[in-house]
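Trainee: Before we go further, I would like to test the vocabulary we use for this model, term by term. Could you set each value against its cut-off for me?

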Amino acid sequence: MSDARGPAVAFEDVTFAYGERPVVEDVSLTVDPGAFLGLVGPNGSGKTTLLKLAIGLIRPDGGSVTVFDEPAHRRRDGRRVGYVPQDVGGASDGMPITVAEVVRMGRYPGRLYRRFGADDRRAVAAAMDRVGIADLADRRVGRLSGGQRQRAFIARALAAEADLLALDEPTVGVDAESREAFYELLGELNAEGITVVLVEHDIGVVTTHASEIACLNRELFFHGDPDSFVETDALAAAYGDAHHVVAHDHP
Ligand code: ADP
């Protein structure tokens, strides 16, 4: 687990544009090791982009992003980051590989030519067991429910001994009961020391489960604890007229 002294993720004056107009602008945000950060904001506010910047999938046009004190796009293998991408319209539906094969990928980064040994097999089995999908090891990923698929991606991150888990709306299309179980699992992993950065459109879910909230709409409108977030007008400011669309259905 993390023994870093610096932040898990640090954005400093980060700006990013796909075209002319920045979709992330002047964002400075620090995520401490062990935090559970919920990233909220209206549709198209730059949440996915910020997550991709955090894990180094894209590089900022201005400013810097570091993960455990290293540039996000140029990390050594030592600090592993697990990414659970958005499941856009069942993107993995046709995936012919099995759950166990997906989880095994977690053992490969940076050591492609290494033999797959007993340690690896143990790590893969333990990771599947940890997220409750051991019985699905031989099932094709394309045959899983949304919630099971997200667990398979988390198991891949656990097999990689990830210190940081970045998740992009992991429970879209997942029923309420499985969603609760999923967030319980995330909370447990976080309590075990894994830093979590979660993009989630449901404000109720985030304020319940996250230890801190960042509210984005191109710029950062708020970063702090959930109680303060609920009390400020950051939500209305960031969402403008659209804030009613995030009303949640949780008690
Ligand atoms: P969110 O996750 O908050 O919905 P995104 O980060 O996905 O927001 O998108 C922010 C803005 O950038 C949106 O206006 C979106 O249309 C645009 N965008 C996202 N990805 C791309 C891309 N690959 N090329 C061009 N524009 C993009």
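Mentor: Let us begin with one residue: in this predicted model, Val131 touches Arg151, Ile154, Ala155, Leu158 and Leu185, with residues up to four places away in sequence not counted.

Trainee: What makes these pairs count as touching?

Mentor: Contact requires heavy atoms within 4.5 Å, and Val131 meets that condition with each of the five residues I named, Arg151, Ile154, Ala155, Leu158 and Leu185. For Leu158 there is also a C-alpha separation of 9.2 Å from Val131, across 27 residues along the chain.

Trainee: Why is Val131 called buried, given that Val131 lies in the loop between α3 (118-130) and α4?

Mentor: The label depends on accessible area: buried means under 20% relative accessible area, and because Val131 has a relative accessibility of 1%, Val131 counts as buried.

Trainee: How do you know whether Gly41, in the loop between β3 (36-40) and α1, is buried or exposed?

Mentor: The cut-off for buried is under 20%, and Gly41 has a relative accessible area of 4%, so Gly41 is buried. Beyond the residues up to four places away in sequence, Gly41 touches Lys47, Leu216 and Tyr239. Gly41 and Leu220, which are 179 residues apart in sequence, have C-alpha atoms 9.4 Å apart in space.

Trainee: Why is α1 described as largely enclosed by the rest of the structure?

Mentor: Six of the eight residues of α1 are buried, and therefore the helix is largely enclosed by the rest of the structure. The buried residues are Lys47, Thr49, Leu50, Leu51, Leu53 and Ala54. After α1 comes Gly56, with a positive phi near 80 degrees.

Trainee: What does α1 give to the shell around the ligand?

Mentor: Helix α1 (residues 47-54) gives the most to that shell, with three residues. The residues surrounding the ligand include Tyr18, Val23, Gly46, Lys47, Thr48 and Thr49.

Trainee: What makes the approach of Gly46, Lys47 and Thr49 to the ligand a set of polar contacts?

Mentor: A polar contact is a pair of N or O atoms within 3.5 Å. A backbone N or O atom of Gly46 lies 3.1 Å from an oxygen atom of the ligand, a side-chain N or O atom of Lys47 is 2.8 Å from a ligand oxygen, and for the side chain of Thr49 the distance is 2.5 Å, so each pair falls within the cut-off. Taken alone, the ligand exposes 560 Å², of which the protein buries 54%.

Trainee: Why is the largest nonpolar core said to lie between two domains?

Mentor: That core has 46 residues, and those with the most contacts inside it are Ile154, Leu167 and Leu186. Helix α4 (residues 146-159) gives the most to this core, with seven residues. Because domain 1 (1-80 + 163-175 + 183-251) and domain 2 (87-162) both give residues to this core, it lies between them.

Trainee: Which residues is Leu186 in contact with, leaving aside its neighbours within four places in sequence?

Mentor: Leu186 is in contact with Phe36, Ile154, Leu165, Leu167, Val196 and Leu198. Apart from this core lies another, of 30 residues, among them Ala72, Val81, Ala166 and Val197.

Technical notes:
Residues are numbered from 1 along each chain as its sequence is written. This is a predicted model: local features need pLDDT of at least 70, side-chain atom pairs count only at pLDDT 80 or more; totals for chains, interfaces and linings use all residues. Side-chain values use heavy atoms; hydrogens and water are left out. A nonpolar core is a set of buried Ala, Val, Leu, Ile, Met, Phe, Trp, Tyr and Cys residues joined through side-chain atoms within 4.5 Å. Buried means under 20% relative accessible area, exposed over 50%, partly exposed in between (1.4 Å probe, protein chains only). Helices (H or I, at least four residues) and strands (E, at least two) are DSSP runs, numbered from the N terminus. Domain bounds come from an automatic or database domain assignment. A residue is near a molecule or strand if one of its heavy atoms lies within 4 Å of it. A polar contact is a pair of N or O atoms within 3.5 Å; within protein, one must be able to donate a hydrogen and the other to accept it, and residues adjacent in sequence count only if both atoms are side-chain atoms. Accessible areas come from the Shrake-Rupley method with a 1.4 Å probe; for residues, only the protein chains shown count as cover.
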